[in-house]
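Student: I should like to learn how to read a structural model feature by feature. Could we begin with a single residue and then proceed to strands and aromatic rings?

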Amino acid sequence: MATTSPARKPEVAGVPFRKNLAAHVICSECKEVPPNLEFDSHQTTCGSCGLVLGDRGIDMGSEWRTFSNDDQNSDDPSRVGDASNPLLNGDQLETSIASGATGRSRDLYRAQNKQSNDKQNKALMQAYKEIGAMCEGFNIQKNVADTAKFLFKTVDDAKAFKGKSQDVLIAGCIFIACRKCKVPRSFSEIFAVTKVSRKEIGRIYKSLEKFFTQNDEARKAAVVASGGTPDNVVYETTTSTKPSDMCNRFCNLLRLGYPLPRVSVELSDRVTASGILAGRSPLSIVAACIYMASHLMGQGKSPKEISQIVHVSDGTIRGAYKHLYAARERLIDPSWIEKDKGDMSRLPAA
């Protein structure tokens with residue numbers, strides 16, 4: 001048994017606690033000073049005679065541990081598995097049985113596949129995989145993909161739109177997620193990724209917006225009925241995309257340098273406020289503004305180059321530009337010419 005010399009008590013009341021270096025833990029058999037003690041994760045032993053001095057030591061290491069291939073013998077590994085995924089159903093604590101086995105293992109694999117919870121998660125995982133692949137292939141940020149997955153999970157939990165194809169629902173969720181994350185995409189761009197027609201995307205977009213609004217109201221009503229207090233989280237219906245929201249992205253794709261993105265954004269806002277191109281699509285307004293701003297700033301791009309990026313025909317760009325050229329004195333800010341070195345003489349005649 002280990003012996004400890006008596007600890008000295010503070011003589012003055014109110015003295016803060018300090019480590020008492022006069023107390024020593026020594027081996028009761030060897031009585032060596034200084035003691036030759038060895039400490040591991042749970043016990044203290046004497047390095048000279050092997051006597052166990054304590055078997056209830058406190059492990060000061062991390063409480064988390066995960067046994068995975070990427071552990072790499074790190075100093076602070078995790079002791080549990082991954083956190084539960086809120087985008088999946090169930091407790092997610094089940095054990096997966098590998099396929100391809102024979103005998104009893106094959107029977108266990110088939111029995112596990114019959115569980116409804118596992119089937120639901122498999123369908124969700126397949127949908128999430130498609131959403132992630134589409135967003136990654138379209139160079140959309142991860143937060144947009146996560147938002148689209150959450151929207152799809154909401155629709156799946158409510159068992160809504162059973163007659164709709166999963167591809168149509170995915171396209172609608174991605175379209176709404178882009179608007180919510182302030183990186184809007186046009187119907188044509190979503191069609192290029194999902195292969196769902198523009199008309200179908202427009203229909204499912206309106207239906208999903210109505211469903212999410214009603215689902216949020218029903219959720220809050222259920223909380224109030226149960227005696228709880230509803231949260232302040234409100235589903236905000238997305239608004240139509242403004243041309244200025246897409247100018248920066250298209251200018252970057254066209255490799256147009258400063259200050260052209262800022263000028264094109266301000267020009268598109270002026271065009272929208274004046275109503276010169278009222279009734280035209282946002283893409284047509286964006287393309288015409290970029291065409292005008294690029295020549296004004298001396299970085300001229302042809303209608304064909306812009307049409308390949310914005311996906312608007314060059315004839316549409318020229319037609320919209322005629323209206324902008326006629327109102328150039330009213331649309332062009334003098335500061336663009338004075339500070340940004342623009343020149344109206346560079347503008348091509350309509």
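**Reading the features of a predicted model**

Tutor: Let us begin with the contacts of one residue. Leaving aside residues up to four places away in sequence, cysteine 247 touches Ser264, Val265, Ser268, Val286 and Ile290. Please keep in mind that this model is predicted.

Student: In which helix is cysteine 247 found, and is cysteine 247 buried or exposed?

Tutor: Cysteine 247 belongs to helix H7, which covers residues 244-253. A residue counts as buried under 20% relative accessible area; cysteine 247 has 0% relative accessibility and is therefore buried. One may also consider a separation in space: the C-alpha atoms of cysteine 247 and leucine 283 are 9.4 Å apart, with their positions 36 residues apart along the chain.

Student: How should I read a sheet, and what is the order of its strands?

Tutor: In general, the strands of a sheet pair through backbone hydrogen bonds, in either a parallel or an antiparallel manner. Here, an open sheet of 3 strands follows the order E3-E4-E5, and the pairing is antiparallel. Strands E3 (37-39) and E5 (52-54) are at the edges with a single partner strand each, so each has one side without a neighbour in the sheet. From one strand to the next, the twist averages 30°.

Student: How many bridges join E3 to E4?

Tutor: Antiparallel strands E3 and E4 (residues 44-46) are joined by 3 bridges. Among the partners, leucine 37 is matched with cysteine 46 in E4.

Student: How many aromatic pairs does a search of the whole structure find?

Tutor: The search finds 6 aromatic pairs. One of them, phenylalanine 175 with phenylalanine 187, is stacked, at 4.6 Å centre to centre and 15° between the planes. This pair links distant parts of the chain, with phenylalanine 175 in helix H4 (residues 166-180) and phenylalanine 187 in helix H5 (residues 187-194). Phenylalanine 175 is buried at 1% relative accessibility, whereas phenylalanine 187 is partly exposed at 30%.

Student: Why is the pair of tyrosine 321 and tyrosine 325 called tilted?

Tutor: The ring planes of tyrosine 321 and tyrosine 325 stand at 45°, with the centres 5.9 Å apart, so the pair is tilted. Both residues lie in helix H11 (residues 314-326), 4 residues apart, about one turn of the helix. Tyrosine 321 and tyrosine 325 are both buried.

Student: Which residue lies over the face of tyrosine 325?

Tutor: Arginine 328 does, at 4.1 Å from the ring centre. Arginine 270 likewise lies over the face of tryptophan 336, at 5.6 Å from the ring centre.

Conventions:
Residues are numbered from 1 along each chain as its sequence is written. This is a predicted model: local features need pLDDT of at least 70, side-chain atom pairs count only at pLDDT 80 or more; totals for chains, interfaces and linings use all residues. Side-chain values use heavy atoms; hydrogens and water are left out. Helices (H or I, at least four residues) and strands (E, at least two) are DSSP runs, numbered from the N terminus. Buried means under 20% relative accessible area, exposed over 50%, partly exposed in between (1.4 Å probe, protein chains only). Contact means heavy atoms within 4.5 Å. Two strands pair if DSSP finds at least two bridges between them. Axes are lines fitted to C-alpha atoms, for helices over the stretch in contact, and angles run from 0 to 180 degrees between N-to-C directions. Rings of Phe, Tyr and Trp (its six-membered ring) pair if their centres lie within 6.5 Å; planes under 30 degrees apart count as stacked, over 60 as edge-to-face and the rest as tilted. A charge sits over a ring if NZ of Lys or CZ of Arg is within 6 Å of the ring centre and within 35 degrees of the ring normal.
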